[in-house]
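Biologist: I am new to this structure and would like a close look at a single part of it. Please pick one place where two helices pack, and set it in the context of the whole.

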Amino acid sequence: MRLTTIEKKVLAGFAATFVILGITVIAGGYAVRAFINASRWVTHSYDVLQSIDEIQTRIQGTELDTRAFMVTGNALQLKQRDETYENLSGLLDRVRNLTRDNPTEQVRVALLGDAALQLRGLQDRMIAARQKSQISAGAAQTEMAAAYQALQQPDRLLAGMRETEKGLLDQRLNQAHATAMRAVVLFGVLLVFMFGIKLYLFFRIKDEVHERERMDEDLVHAKQTLEATNRELEGFSYSISHDLRSPLRAVNGFARILETEYGAQLDDEGRRIISVIVRNSEKMSTLIDDLLAFSRVGRNPLTATRVNMTALVNKVHSELTASGDYPSTRFSIGDLPEASGDQAMLTQVWTNLLGNAFKYSSRSPNPEVAVTGELQNGECVYLVRDNGVGFDMKYYEKLFGVFQRLHSDAEFPGTGVGLAIVQRIVTRHGGRIWAEAIPGQGATFRFSLPAEATA
């Protein structure tokens, strides 16, 4: 079977998607493993430092217990000292095991064990003399001074080990940060690249549909061809959105983990980069949601009933203003004729049109939005007028296009899909939509629906 141009582009798009997803999974797996390994080494350094601090505390504890016994003769102090030395032996084994990859630290651990034995031997002699009352006060002071000097050797060794491990900790923290940043950037770049390919193919296929429609001389055949191609486009756009969700969540999740776990260790530029990644991934998620909504309009079945438009508009108006975002906007509604149509889809039409009217008039000194309707030549014609920023009519051809916006995000937020959805719903009902505007003086949108249900 010979493939059409559109089918070839769809297959090429899917092939490119699977290739990029494969690269993402493989590269992401390596990046995640590298990040986990770096994090383990950071934890390892913290364990070594904690053990060093515990060893120093134990050694100092034996000295305090020995001095207390020399002064008081209380045997309980000797019991505490002996228990401390038993725990100290286990701590030395733990540090020896943790630093087995570092020859310098292994030497220090060995010297530390010897110094601890030397200190204990000196303490034992002092204790034995004290128990036999064979030591004078002056001699006791001399022995304790010697013990204090013996204590300096473990302290110097522990200080050297602590300094070395802190240096390793700084290196490992930097490595973990760099690995995490590489993982986030990798996912971001691959995601943007994949999205760009799919978006490019989407618009190329859309252009192909329009070109085929213009060139086909047989109107019936052209309509059948266009409907088939639109179904392919809808399935393709649906696939685009779903394929992007998983890697997008991964980018957002890794960025938030990096922000939460290591935000305090990053400089201002690092935190700014993370916020940019999070903000843009959230914006891309909104684009995907709108693209899915646009796709669903063409796939969902249309169930026509008689719709009370006045009640429907009042309900939509209440929902839009419930949050109190537009407290100063004056809203008016006339008697609207009933129409035949799918109530859920028509709710979306009114939500998008009224939402735009309230949004684009919100900066006017006295914002106003009005809705009217009437019967004209067997059609129900509805009008939504506002006194907002309006738009230049020379850009009218872009008005109902997907992702086409006449105002920047800095002026008014949005994705440029709302009016495209409105046009598709109205067209599916057998109606039409048009608009007129003057910059700075507001805009008027009109759409028509058949007065009776369409087949």
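Modeller: What follows starts with the whole chain, turns to one helix pair, and ends with two single residues.

The model is predicted, and its mean pLDDT is 77, with 74% of the residues reaching 70 or more. Confidence varies between the elements: helix α5, residues 219-262, has the lowest mean pLDDT, at 66, while strand β5, residues 379-386, has the highest, at 92. The protein contains nine helices and seven strands. Of its 455 residues, 42% are buried. The accessible surface amounts to about 24,400 Å², and carbon and sulfur atoms account for 54% of that. Taking contacts between residues at least 6 apart in sequence, 76% of them link residues at least 24 apart.

Now the part in question. Two packed helices are described by the angle between their axes and the distance between the axes. The pair here is α8, residues 343-361, and α9, residues 418-428. Their axes come within 9 Å and cross at roughly 145°. The crossing of α8 past α9 is left-handed.

Which residues of the two helices meet? On the α8 side they are Met345, Gln348, Val349, Asn352, Leu353 and Asn356. On the α9 side they are Gly418, Leu419, Ile421, Val422, Ile425, Val426 and Arg428. Sorted by class, this contact has eight nonpolar residues, four polar ones and one charged one. Arg428 is the charged residue, since Arg is counted in that class.

Two single residues elsewhere show how other elements are placed. Glu379 lies in strand β5, the element with the highest mean pLDDT. Is Glu379 buried or partly exposed? Its relative accessible area is 22%, and because buried means under 20%, Glu379 counts as partly exposed. Leaving aside residues up to four places away in sequence, Glu379 touches Glu374, Arg432, Ser448, Leu449 and Ala451. Glu379 and Pro450 are 71 residues apart in sequence, yet their C-alpha atoms are 4.7 Å apart in space.

The other residue is Thr62, in helix α1, which covers residues 5-72. Thr62 has a relative accessibility of 0%, so this residue counts as buried. With residues up to four places away in sequence again left out, Thr62 touches Arg81, Thr84, Tyr85, Leu119 and Gln123.

Technical notes. Residues numbered from 1 in each chain as written. Predicted model: local features only at pLDDT ≥ 70, side-chain atom pairs only at ≥ 80, totals over all residues. Heavy atoms only, no water. Axes fitted to C-alpha atoms, helices over the stretch in contact; angles between N-to-C directions. Helix = DSSP H or I, 4+ residues; strand = E, 2+ residues; numbered from the N terminus. Left-handed = near helix turned anticlockwise from the far one by under 90°. Contact = heavy atoms within 4.5 Å. Buried < 20%, exposed > 50% of the residue type's maximum accessible area, 1.4 Å probe, protein only. Areas by Shrake-Rupley, 256 points an atom, 1.4 Å probe, with all protein chains shown as cover. pLDDT = per-residue confidence, 0-100.
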